[in-house]
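User: I want the reasoning behind the labels here, not just the labels. Take each value, set it against its rule, and conclude.

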Amino acid sequence: MGQIALEGMEFFAFHGYYDEEQKIGNKYGVDLYIRTDLHAAGASDKLHETVNYEVLYRVVAEEMRAPARLLEHVGHRVLDRILLEFPHVRSVKVSVSKFNPPLGGICHRARVTLTRRRGEPHGR
């Protein structure tokens with residue numbers, strides 16, 4: 001087993017509980033960690049033996065483009081897509097951050113972190 005991480009991805013997106021947030025948008029950060037078997041790729045040096053980072057990024061970017069009220073919802077969508085599109089991934093951890101959230105004071109970012117192992121229920 002091994003881990004692949006994409007850290008510090010940044011997106012401008014239109015998530016937020018308040019209608020104004022969904023209209024004006026904000027900057028968001030995403031960190032993604034997946035656990036999978038990396039031995040075949042390590043031995044062969046072949047891209048098809050691992051999870052392509054470019055495709056992982058594309059999946060996250062697509063989910064960030066779809067507006068949501070809650071960071072938790074965005075995170076769950078990312079977990080669902082990764083486990084659906086990458087059958088060899090054993091577990092996924094994602095952190096979604098909103099920079100400078102409108103809280104009425106100084107807060108650099110609000111963050112949610114979600115983890116799911118293959119075969120665990122989604123929960124709703």
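User: How many aromatic pairs are there, and what makes two rings a pair?

Analyst: The count comes to three aromatic pairs. Rings of Phe, Tyr and Trp (its six-membered ring) pair if their centres lie within 6.5 Å; planes under 30 degrees apart are stacked, over 60 edge-to-face, and the rest tilted. One of the pairs is F12 with F14, at 5.6 Å centre to centre and 85° between the planes, hence edge-to-face. The model is predicted: local features need pLDDT of at least 70, side-chain atom pairs count only at pLDDT 80 or more, and totals for chains, interfaces and linings use all residues. Residues are numbered from 1 along each chain as its sequence is written, and side-chain values use heavy atoms, with hydrogens and water left out.

User: Why is F12 called exposed, and what is F14 called?

Analyst: Buried means under 20% relative accessible area, exposed over 50%, and partly exposed in between (1.4 Å probe, protein chains only). F12 has 56%, so F12 is exposed. F14 has 33%, so F14 is partly exposed.

User: What geometry does the pair of Y17 and Y18 have?

Analyst: Their centres are 5.2 Å apart and their planes 85° apart, so this pair is edge-to-face. Y17, at 56% relative accessibility, counts as exposed. Y18, at 45%, is partly exposed.

User: How do you know that K93 sits over the ring of Y33?

Analyst: The rule asks for NZ of Lys or CZ of Arg within 6 Å of the ring centre and within 35 degrees of the ring normal. The charged end of K93 is 5.7 Å from the centre of the Y33 ring and counts as over it. K27 lies over the face of F99, at 4.9 Å from the ring centre. Y33 and K93 are also bridge partners, with K93 in β3.

User: What makes β2 and β3 a strand pair?

Analyst: Strands are DSSP runs (E, at least two residues) and helices are DSSP runs (H or I, at least four), numbered from the N terminus. Two strands pair if DSSP finds at least two bridges between them. β2 (residues 26-36) and β3 (residues 91-99) have eight bridges, so they pair, in the antiparallel sense. V30 is bridged to V96 of β3. β3 and β4 pair over nine bridges, again antiparallel. There, V94 stands opposite L114 in β4.

User: Which strands sit at the edges of the sheet?

Analyst: The open sheet of four strands runs β1-β2-β3-β4, with antiparallel pairing. β1 (2-13) and β4 (109-117) are the edge strands, each pairing on one side only. Neighbouring strands are turned by 15° against each other on average, direction ignored. These angles come from lines fitted to C-alpha atoms, for helices over the stretch in contact, and run from 0 to 180 degrees between N-to-C directions.

User: What does helix α3 touch?

Analyst: Contact means heavy atoms within 4.5 Å. α3 (residues 53-65) packs on the sheet, touching β1 and β2, and its direction makes about 35° with that of β1. Helix α4 (residues 71-85) lies across β2, β3 and β4, at about 35° to β4.

User: T36 in β2: buried or exposed?

Analyst: T36 has a relative accessible area of 3%, so T36 is buried. Leaving aside neighbours within four places in sequence, T36 contacts M1, G2, I4, V51, H88, V89 and R90. The C-alpha atoms of T36 and V89 are 4.8 Å apart, though 53 residues separate them along the chain.

User: Why is E21 called buried?

Analyst: E21 has a relative accessible area of 11%, so E21 falls under the limit for buried. E21 is in helix α1 (residues 19-24). Beyond four places in sequence, the contacts of E21 are F14, H15, G16, K98 and P102.

User: What makes β3 mostly covered?

Analyst: Eight of its nine residues are buried. Across the protein, buried residues make up 41% of the 124 residues.

User: How confident is the prediction, and where is confidence lowest?

Analyst: pLDDT is the predictor's confidence in each residue, from 0 to 100. The mean is 94, and 98% of residues reach 70 or more. Confidence is lowest in helix α2 (residues 39-44), at a mean of 90, and highest in β3, at 98.
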